[in-house]
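Hi,

Here's the structure I promised to pass on. Have a look first, then read my notes below.

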Amino acid sequence: MADQAFPIPGSLDATPSHGAALLEWLHSWVVTVDHKKLGILYIVYALFFLLVGGAEALAIRIQLVIPNNHFVSPELYNELFTMHGTTMVFLVGMPILFGFANYLVPLMIGARDMAFPRLNAFGFWMTAFGGLFLYFSFIGGFGLYGMGSAPDVGWFAYVPLTAQAFSPGHNTDYWALALIVSGFGTLGTAINIVATIISMRCRGMTLLRMPLFAWLMLVVSGLTLITITPLTAAQIMLLIDRYLGGHFFDTQAGGSAVVWIHFFWIFGHPEVYVLVLPAFAIANEIIPTFSRKAIFGYPAMVAASVGIAFVSVSVWAHHMFTVGMTSVSNAFFVLSTMMVGIPTGIKIFNWIATMWGGKIRFATPMLFCTAFVFQFLIAGLTGIMLSVAPLDWQLHNSYFVIAHFHYVLVGAIVFCIFAAIYYWYPKATGRVLSEKLGKWHFWLFFIGFHLTFDTMHFVGSLGMPRSIYTYEADRGWSVLNFWISMGGLIQAIAVLSFTWNLIDSYLHGKEAGNDPWDAWTLEWSTPSPPPAYNFAEDPVVRSRRPLWDLKHPQDPDWKYER
Amino acid sequence: MSTIPIFVDENWRLPSRGRVGMFSLIIGESAIFTIFVVAYVYYIGRSTYGPTPQILSIPIFNTICLLSSSLTIWMAEHAIARGRIRIFGAWWALTMTLGIVFLAGTAKEWARLIGHEGLTIQTNLFGTTFYSLVGLHATHVVVGLIMLSLVMLFTLLGRVGQRHAERIQVLSLYWHFVDAVWVVVFTVVYLLGR
């Protein structure tokens, strides 16, 4: 009878009230150490900030839609572009990559969880705290213009602008501290992914039988280890300068502002590859599945990924051609930057060769990935243009540069993120996203993207500099800017239709089953959504496409692979 | 199919996740130290005023203490791998003592620099780079000592056994790393930079 007087929560015969059930559900998400739940938390967190950063971009575009506009104040404009950049790189790009890695890597390599589940939860909550901390500056930050100032020094926070004398108050410190905090979370998660991939693979999953997704995540996480830490170190130096009266970047005391620029880009350039390699990882899974062919040139893909990681740490100063380096340094960074074109070229050829002769199904994920291949090609070509120092002297800090890196960040990374969500949403939720809305999303976003970022190349070539608050009507930039903003609007509509698709298909979507795409990697052998333990029995793998072997016992891959 | 033997499965061994994780952490930490060391080296002799590195004296005793603590922790690792917990505890305590002596030596050095030479982190560029690099290393020693003392506490409570040998080895990796970094810091700050 004591049982009835004190019902045990969660026991079979106790029916908790709605409020209690909701509380318990929330509690289960907060205390979870399950890699799938943490992965979803990462992705939801990143999608939330994608909307926030997108709204900031829209505000910037409304400000620039006509000459001499005053939609926002100049002070707020500085905060908007700083926060847009910081948000998209640190609160969208990194978390979403770790979200997919978290969710998929253990499933793909046949493990039951990550190597360090609690470190995983620690990483997420540090990242989450960092993001909220950064955005709290809109309320609690004190800057040059009083209370409620977000960081307004650009996402690269160049000194001497960030020195205490020129950025009084503490809104710049919100930037530094928030990124240090989320940086520790990132470091923890990167360690976790490396340890998981090296130490937790199921029987028979040798390194050269791993799905390319896992390979790329191994490379990305290794690169993250040596990428995010220099930023942390440089930010600690900045805080020492600002709070303890240090002189690292204080020119009068013999310090050097250029050193900050070097340190920032020693982080900043490999960071681009930390963001784009997961996009490659996604394309490496989706393109073969929808071309009905195994990936072309698996070893070359692995080698190219490792090659990109290696080359990427020696190209940072191509952001600094206008700083005034010696001719020898300029030449070195020109050549090393051009070298990146070789491994990335290998990848593009391999993707096309995978599609070549395949029986392609243009479902929404494949549409996004196909667009990705060609957009990434253009992004790479403008990258090679910008790597030529004399041309860079002309185009530096113009909208041409903005167009180039948004072609990478949106045209490659965001497109692949959308592809990944369409592809793995059925696995995570058990429901397929609506194809009809997906097609709408793709075409609207595709048109909006090209309208915005193709046009930006022209306005950049006409000399419009980045980060400017407004411009005069007689510069000849007005019509182009109008269309750039219209493209932004179309992208916003596309993202809204996507958001609606996410919610609507969750409630009314078609049942997915275990394997809606007839794919070949291990995650599709589990139920959708997978149980907490992933695999009832530890899988044994004998080739790169374990599910192909299972589905085609008369013609398995392991007969041919060496 | 069942006639085909699966060779790889029979001895499917993967590296220990603890070790891989600690090595990854060490790679990340090395990058942080690299940035601070590069800053120190780049700024040698660039201070426009104030004390110069000539005021430093070489901390030989300190260095001997810290480097020999790598040896003692290695002895401790061996002891626990063979299940000799009391000997392990003794070597572990000796390691901690050497670490504390090192920190005390650093404190004494800093007290002299601040009190007699008037060098603080604000004084000039040399002060900034010196205190931040040596301080970053000292911070790592402190973190190491906290972890060592946790293990010491559990050892004294009798909770540490042979089964923890691998974890102890993983933790020792961190301590070896802190010692190896000191070799770099010592070389850069006290030998090359002086």
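Below is what turned up for chain B, and then for one residue of chain A.

A bit of housekeeping: residues are numbered from 1 along each chain as its sequence is written, while chains are lettered from A and ligands numbered from 1 in the order in which they are written. The model is predicted, so local features need pLDDT of at least 70 and side-chain atom pairs count only at pLDDT 80 or more, whereas totals for chains, interfaces and linings use all residues.

Chain B first. It has 6 helices and 0 strands (DSSP runs numbered from the N terminus: H or I of at least four residues for helices, E of at least two for strands). From the N terminus on, the order is simply α-α-α-α-α-α. The C-alpha trace of chain B spans about 80 × 45 × 20 Å along its principal axes. Its radius of gyration is 21 Å, where a compact globule of 194 residues would be near 16 Å (taken over C-alpha atoms; the globule rule is 2.2 Å times the number of residues to the power 0.38). Of those 194 residues, 35% count as buried (20 or more other C-beta atoms within 10 Å of a residue's own; exposed is 12 or fewer, partly exposed in between, with C-beta atoms placed from the backbone).

Now chain A: A:Trp393 sits in helix 13, residues 389–395. A:Trp393 counts as exposed because it has 11 C-beta neighbours inside 10 Å. Neighbours within four places in sequence aside, A:Trp393 is in contact with A:Phe321 and A:Thr322 (C-beta atoms, placed from the backbone, within 7 Å).

Cheers

Key. Contact = placed C-beta atoms within 7 Å.
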